[in-house]
Amino acid sequence: MSILNAEEAIRFFKSYGFRVDEGSVKEWVKENNKQANTTCKNRPIEEQDLYRYNDWCYVKGTAYEEGIDDKTKISRLLEEVSLLKKEVEYLRDEKHNLENLLGMNDWIFE
């Protein structure tokens, strides 16, 4: 794996029309370079790097982030489950309210 340059990555991503958080790009490059062989030279940024950065952003802070311990992963999954339960309850209430507004009986749809 080769070493990436953060400023070059930022310019490249912006050239594709993406608005990127420069701090997060620098963090991604730093993490990427930790995995690289330190004897490697810089390499040019490629379109594939944009997809890798996007994937990294997508999982950052979730239970699917690479390199986190099991305790953190479980904690994040429990938080996600809690949020999903709240969303399900909200949607049930909204469905019930809309059915009442339309004069529909619950027994028809259950």
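Among contacts in the protein chain between residues at least 6 apart in sequence, what percentage join residues at least 24 apart? In this model, which is a predicted one, the figure is 63%, counted among contacts between residues at least 6 apart in sequence. I would like to keep that figure in mind while we go through the helices and then a few individual residues.

Let me begin with the chain as a whole. The protein chain holds five helices and zero strands, and if you read along the sequence the pattern is α-α-α-α-α. The chain has 110 residues, of which 22% count as buried, and it exposes about 8800 Å², with carbon and sulfur atoms supplying 53% of that area.

Now to the helix pairs, starting from the N-terminal side. Helix 1 covers residues 6-15 and helix 2 covers residues 22-35, and their axes come within 9 Å of each other and cross at roughly 125 degrees. That angle makes helix 1 oblique to helix 2, and the crossing of these two helices is right-handed. If you look at who meets whom, helix 1 brings A6, E7, A9, I10, F13 and K14, while helix 2 brings E22, V25, K26, W28 and V29. Sorted by character, the residues of this contact divide into seven nonpolar, no polar and four charged.

The next pair is helix 2 with helix 3, where helix 3 spans residues 47-59; here the two helices pack at an angle of about 105 degrees, and their axes are 11 Å apart. Why do I call them roughly perpendicular? An angle from 65 to 115 degrees counts as roughly perpendicular, and helix 2 and helix 3, at about 105 degrees, are therefore described that way. On the helix 2 side the contact is made by S24, V25, E27, W28 and E31, and on the helix 3 side by D49, R52, Y53 and W56. This set divides into four nonpolar, one polar and four charged residues. Please notice V25 and W28, which appear in the contact of helix 2 with helix 1 and again in the contact of helix 2 with helix 3.

I would now like to turn to three single residues, and the first is S24, which lies in helix 2. Is S24 buried or exposed? S24 counts as buried, because its relative accessibility is 13%, and the cut-off for buried is under 20%. Not counting residues up to four places away in sequence, S24 touches Y53 and W56, and both of those belong to the helix 3 side of the contact we have just discussed.

The second residue is V59, which is found in helix 3. With a relative accessibility of 23%, V59 counts as partly exposed, and once its neighbours within four places in sequence are left aside, V59 is in contact with Y64 and E65.

The third residue is N5, which lies in the segment before helix 1 and, at 29% relative accessibility, also counts as partly exposed. Which residues does N5 contact, leaving aside its neighbours within four places in sequence? They are V29, N42 and I45, and V29 is also one of the helix 2 residues that meet helix 1. For those who want to find this place on the screen, the C-alpha atoms of N5 and R43 are separated by 8.0 Å, although the two residues are 38 residues apart along the chain.

Notes:
Residues numbered from 1 in each chain as written. Predicted model: local features only at pLDDT ≥ 70, side-chain atom pairs only at ≥ 80, totals over all residues. Heavy atoms only, no water. Axes fitted to C-alpha atoms, helices over the stretch in contact; angles between N-to-C directions. Helix = DSSP H or I, 4+ residues; strand = E, 2+ residues; numbered from the N terminus. Parallel < 35°, antiparallel > 145°, perpendicular 65-115°, else oblique. Left-handed = near helix turned anticlockwise from the far one by under 90°. Contact = heavy atoms within 4.5 Å. Nonpolar A, V, L, I, M, F, W, Y, C, P; charged D, E, K, R; others polar. Buried < 20%, exposed > 50% of the residue type's maximum accessible area, 1.4 Å probe, protein only. Areas by Shrake-Rupley, 256 points an atom, 1.4 Å probe, with all protein chains shown as cover.
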